[in-house]
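This report introduces a structure to a reader who has not met it before. Please keep the sequence and the three-dimensional view at hand while reading.

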There are 2 protein chains.
Amino acid sequence: MTGKEIATRLGISMMTVSRALNGRPHVDKKTRDRVLAVARKLGYTPNHIARSLVLKKTNTIGVVVPEISHSFFPEVIRGIEDAVYAAAYHLILTHSAEDYSREQDAINTLESKRVDGLLISTAQTVTDHSTYIEAIRLGLPIVFFDRVVPNIGASCVSIDDEDCSAQITEHLLHHGYRQIAHLSGPPTVSIGKERLNGYQKALERNGLKVRSDLVAQSGFHEKGGYSAMEKLLRLPPRERPDAVVAVNDPAAFGAMKIIQEHRLRIPMDIAIVGMSDDVRAELMPTPLTTIHQPGYEIGKTAAQTLIAEIEGKSEPGRRIIVRTELVVRKSCGCL
Amino acid sequence: MTGKEIATRLGISMMTVSRALNGRPHVDKKTRDRVLAVARKLGYTPNHIARSLVLKKTNTIGVVVPEISHSFFPEVIRGIEDAVYAAAYHLILTHSAEDYSREQDAINTLESKRVDGLLISTAQTVTDHSTYIEAIRLGLPIVFFDRVVPNIGASCVSIDDEDCSAQITEHLLHHGYRQIAHLSGPPTVSIGKERLNGYQKALERNGLKVRSDLVAQSGFHEKGGYSAMEKLLRLPPRERPDAVVAVNDPAAFGAMKIIQEHRLRIPMDIAIVGMSDDVRAELMPTPLTTIHQPGYEIGKTAAQTLIAEIEGKSEPGRRIIVRTELVVRKSCGCL
DNA sequence: TTGTACGCGTTATCAA
DNA sequence: TTGATAACGCGTACAA
């Protein structure tokens, strides 16, 4: 079913059909009604592919996430979907599985599919930003979210990672902990670096030295948290941490597991805090103190920002910070 | 950057460029190398829109899920994404937010975008199947997953809901429970109906009558589970259930909450089981016995089935059952 | 109000 | 091995 068929069937021109179907002016009401009637009867479906080709606009945005199934990103995607739906856009979803070359693959195809813009949260293994820069140079708007790449001309939507990390570290300091360790994320990813910075600055602001033996790289997952914590527990008793700031909740879960296997008590022997407020955080044997990261809002804001840029209503290169909230539970020992 | 530009720049025809770029035969090796070199230098990106228009093939499938953020569907989507990526297809994601008209909207746009096939899990409020039937009639393959619509010519991938429900009900029966209640899903959705059937059949097979006062409609969410259970707890003590089969884990969580508010003990006073194996199930104060639903596998299988049908390698109308597993924890009282 | 010509970027077909 | 032509379905610009 094409517009042309409707046209010949009605003995009118394709143009009139097009105008009628799109609710454009300059078409007689009677003609319009006849067109709409025939269209409905014949089950006409407009062909967005053809339309996109001539208009050079797909009303589609491409999304690249590093991971689909861990509670935070689904929330973000829901926020994106809501914003995108409200603006009558659509969403091609790809995931990089934390793999750089797969991410590049995704970006290339998304470009081939002529999406109007890109929403990206970078993979852990990303080191080179040339793909992003090239896309931007060619006029394809990009908005980064959560794991962002600032200062290359793209807008970024995230929480203030450094500040969050400093805030939760200071929460521990104010409650008397002095040997505070950090389970750090991959240093290649923005949030890994910034959360480490926040942790260090909080210590320094409070007159403590940063001890490098108290920083263990865990990555973002439970397994990494487990083994990084294992390393810290091997320190001589007097040098062991009395509290731990994990780069995110899953890493904290892994750490909590091995702490318990060592028959140490949380928070009495070791306090621990996370970041992200995973669904599981409040259900742990000792509920986890953490920072709530509003995934839905991050997604929605990122999508709205991107669409505004696509439509020329907003300039690229903005840095948008979404507000977070400290959620105090039992694992930090102050309740 | 278009193929035509490469052609004029090299003084050859567009067709030769096309052949070279797509690795087709009948093009001189030297010519091919020159084309590829220029393409790279100029940053040429093939235009899938134009290609799709002439080929009548987008290599894209549309996915409609009722809900994005609740642990099961993200798993499914990850499975879909993996299968789709492996077959060099892409994925347009939409969500219906359990709303029928929004689902129809999504299907219509997906048709307009000329996706090669549809992967659907129906919204709760769906009553009318004509949109699906019409799409199938027009030659657009559909595969339903999880919440399926059998017997309309589309393949369905799901667990055997009736059997699962019967199995977990019999697990309770074998352990001596006799007044078993059911928190049921919406009767309009396949899994709601079938799980109710399974529950009833299990009772009947074991010589028990189904008591309608022990069936309370909870829907799929925590809140519904809470209020449905509230109703059951208002029964006179002797008529109260000694065990509960919830239609899914979230409904069970809601029920557990009010059971505890009534200072009743799980499983001593009331045993309870769920279905779906939510991430939170094992972390509840009393870990929940449930049936593990392999979301990743459901998604992957559904996508593979759809792609096979798109490519004519498989016939529609198949009924694929994915294996499940009973996960026994403390809430059923047999540990 | 309506219609005509042309173009969007690509591929299939057939001829050279 | 190469190229010319037509076609995919629609919208813009202009003319009638």
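## The surface near DNA strand C

Which residues come nearest to DNA strand C? The model, which is predicted, places 26 residues around this strand, and A:His26, B:Gly3, B:Ser18, B:Asn47 and B:Ala50 come nearest. Both chains contribute elements with two or more residues: helix H2 (14-21) and helix H4 (48-55) from chain A, and helix H1 (3-10), H2 and helix H4 (48-55) from chain B.

The element that gives the most to this surface is H4(B), with five residues. Sorted by class, the surface near DNA strand C holds 14 nonpolar, nine polar and three charged residues.

## The surface near DNA strand D

DNA strand D is surrounded by 24 residues, of which A:Gly3, A:Ser18, A:Ala50, B:Asp28 and B:Val54 are the closest. At least two residues each are supplied here by helix H1 (3-10), H2 and H4 of chain A and by H2 and H4 of chain B.

For DNA strand D, the element that gives the most is H4(A), with five residues. The surface near this strand consists of twelve nonpolar, nine polar and three charged residues.

## Two helices of chain B

One of the elements near DNA strand C, H2 of chain B, also packs against another helix of its own chain. Helix H2 (residues 14-21) and helix H3 (residues 29-42) of chain B meet at an angle of about 85°, and their axes are 9 Å apart. The two helices are therefore roughly perpendicular to each other.

From H2(B), the contact involves B:Thr16, B:Val17, B:Ala20 and B:Leu21. Their counterparts in H3(B) are B:Thr31, B:Arg32, B:Val35, B:Leu36 and B:Ala39. By class, the residues of this contact comprise six nonpolar, two polar and one charged.

## How the two chains are related

What turn lays chain A on chain B? A turn of 180°, with a shift of 0.0 Å along the axis, superposes them with an RMSD of 0.1 Å. This is the relation of a two-fold axis. Within chain A, the C-alpha nearest the axis belongs to A:Ile92, at 2.2 Å from it. The same surface serves both copies, since 100% of the contact residues of chain A recur in chain B.

The contact between the chains brings together 33 residues of chain A and 33 residues of chain B. On the side of chain A that touches chain B, at least two residues each come from H4, helix H5 (72-86), strand S2 (90-95) and helix H6 (100-112). The residues on that side fall into 14 nonpolar, eleven polar and eight charged. H4(A) thus appears in two settings: it supplies residues to the side that touches chain B, and it gives the most to the surface near DNA strand D.

## The parallel sheet of chain A

Chain A contains an open sheet of four strands in the order S7-S6-S8-S9, with parallel pairing. Its edge strands are strand S7 (215-217) and strand S9 (271-273), each of which pairs on one side only. On average, neighbouring strands of this sheet are turned by 20° against each other, direction ignored.

Strand S6 (residues 180-184) of chain A is joined to S7(A) by three bridges, and the two run parallel. Within this pair, A:Leu183 has A:Ala216 in S7(A) as its bridge partner. Helix H9 (residues 190-205) of chain A packs on the sheet, where it touches S6 and strand S8 (243-246); the direction of H9 makes about 170° with that of S6(A).

## The parallel sheet of chain B

In chain B, four strands form an open sheet with the order S7-S6-S8-S9 and parallel pairing. Strand S7 (215-217) and strand S9 (271-273) of chain B each have a single partner strand, so one side of each is left without a neighbour in the sheet. Three bridges connect strand S6 (residues 180-184) of chain B with S7(B), and these strands run parallel. B:Ser184 stands opposite B:Gln217 in S7(B).

Which strands does helix H8 of chain B lie across? Helix H8 (residues 161-174) lies across S6, strand S8 (243-246) and S9 of chain B, and runs at about 170° to S8(B). Helix H11 (residues 249-261) of chain B also lies across S6, S8 and S9, running at about 145° to S8(B).

Notes: Residues numbered from 1 in each chain as written. Chains lettered and ligands numbered in written order. Predicted model: local features only at pLDDT ≥ 70, side-chain atom pairs only at ≥ 80, totals over all residues. Axes fitted to C-alpha atoms, helices over the stretch in contact; angles between N-to-C directions. Parallel < 35°, antiparallel > 145°, perpendicular 65-115°, else oblique. Contact = placed C-beta atoms within 7 Å. Nonpolar A, V, L, I, M, F, W, Y, C, P; charged D, E, K, R; others polar. Near = placed C-beta within 6 Å. Least-squares fit on C-alpha atoms with pLDDT ≥ 70 in both. Pairing = 2+ DSSP bridges.
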